[in-house]
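Trainee: I have a new structure open and would like to learn how to read it. Could you walk me through it step by step?

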Amino acid sequence: MGIIAWIIIGLLAGVIAKALLPGKDPGGIIITMLIGIAGGLLGGWLGKVIFEVDSIDGFFDLSTWIAAVVGSLILLVLYRVITGSRHSRRA
């Protein structure tokens, strides 16, 4: 897949992850999009490393989307943990 396809998958995976984990995030839509793109890459890499499968088969394959959403969820939770602890110290 090309870089444009990864950006599109990442953007949509970020939106799906945000819908699955609603709440207030420090950061806006740009941060959510960046988390989605990075999460898609993370999910594809984890699929290869942990399960030894090629989770990056194609744009319309279910495994690609599942990997991207799972990666986005992981990064969104980590982002909330890191930024949440930083904001709680200031208040």
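**Reading the fold together**

Mentor: Happy to. Keep in mind that this is a predicted model. A good way in is the contacts: among those in the protein chain between residues at least 6 apart in sequence, 71% join residues at least 24 apart.

Trainee: Which secondary structure elements does the protein chain have, and in what order do they run?

Mentor: Start by counting elements, then follow them from the N terminus. Here the protein chain has 3 helices and 0 strands, and the order reads α-α-α.

Trainee: How do I check the span of helix α2 against its number of residues?

Mentor: Compare an expected span with the one in the model. Helix α2 covers residues 29–51, which is 23 residues, so at 1.5 Å a residue it should span 33 Å. Its end C-alpha atoms lie 31 Å apart, in agreement with that. Just after α2 comes E52, with a positive phi near 50°.

Trainee: Which residues of α2 are buried?

Mentor: To judge burial, look at relative accessible area; under 20% counts as buried. In α2 the buried residues are T32, I35, G36, G39, G40, G43, G44 and G47. For the protein chain of 91 residues, the buried share is 30%.

Trainee: Which residues make up the largest nonpolar core?

Mentor: For a core, look for buried nonpolar residues joined through their side chains. The largest one here has 6 residues, namely W6, I9, A13, W65, A68 and V69. Helices α1 and α3 each contribute at least two residues to this core.

Trainee: How far apart are the C-alpha atoms of K18 and L76?

Mentor: Set the distance in space beside the distance along the chain. K18 and L76 are 58 residues apart along the chain, and their C-alpha atoms are separated by 7.8 Å. K18 itself sits in helix α1, residues 3–20.

Trainee: Why does K18 count as partly exposed?

Mentor: Partly exposed is the range between buried, under 20%, and exposed, over 50%. K18 has 25% relative accessibility, so it counts as partly exposed.

Trainee: And on the outside, which residues make the nonpolar surface patch?

Mentor: Begin with the surface as a whole. The protein chain has an accessible surface of about 5,700 Å², and 75% of it belongs to carbon and sulfur atoms. L62, I66, V70, I74, V77, L78, V81 and I82 make a nonpolar patch of about 710 Å². One of them, I74, lies in helix α3, residues 62–90. I74 counts as partly exposed because its relative accessibility is 33%.

Note on methods
Residues numbered from 1 in each chain as written. Predicted model: local features only at pLDDT ≥ 70, side-chain atom pairs only at ≥ 80, totals over all residues. Heavy atoms only, no water. Helix = DSSP H or I, 4+ residues; strand = E, 2+ residues; numbered from the N terminus. Buried < 20%, exposed > 50% of the residue type's maximum accessible area, 1.4 Å probe, protein only. Contact = heavy atoms within 4.5 Å. Areas by Shrake-Rupley, 256 points an atom, 1.4 Å probe, with all protein chains shown as cover. Patch = residues over 30% accessible without salt bridge, like charges linked within 9 Å, V, L, I, M, F, W, Y side chains within 5 Å. Salt bridge = Lys/Arg side-chain N within 4 Å of Asp/Glu carboxyl O. Core = buried A, V, L, I, M, F, W, Y, C linked by side-chain atoms within 4.5 Å. Expected span 1.5 Å × (residues − 1).
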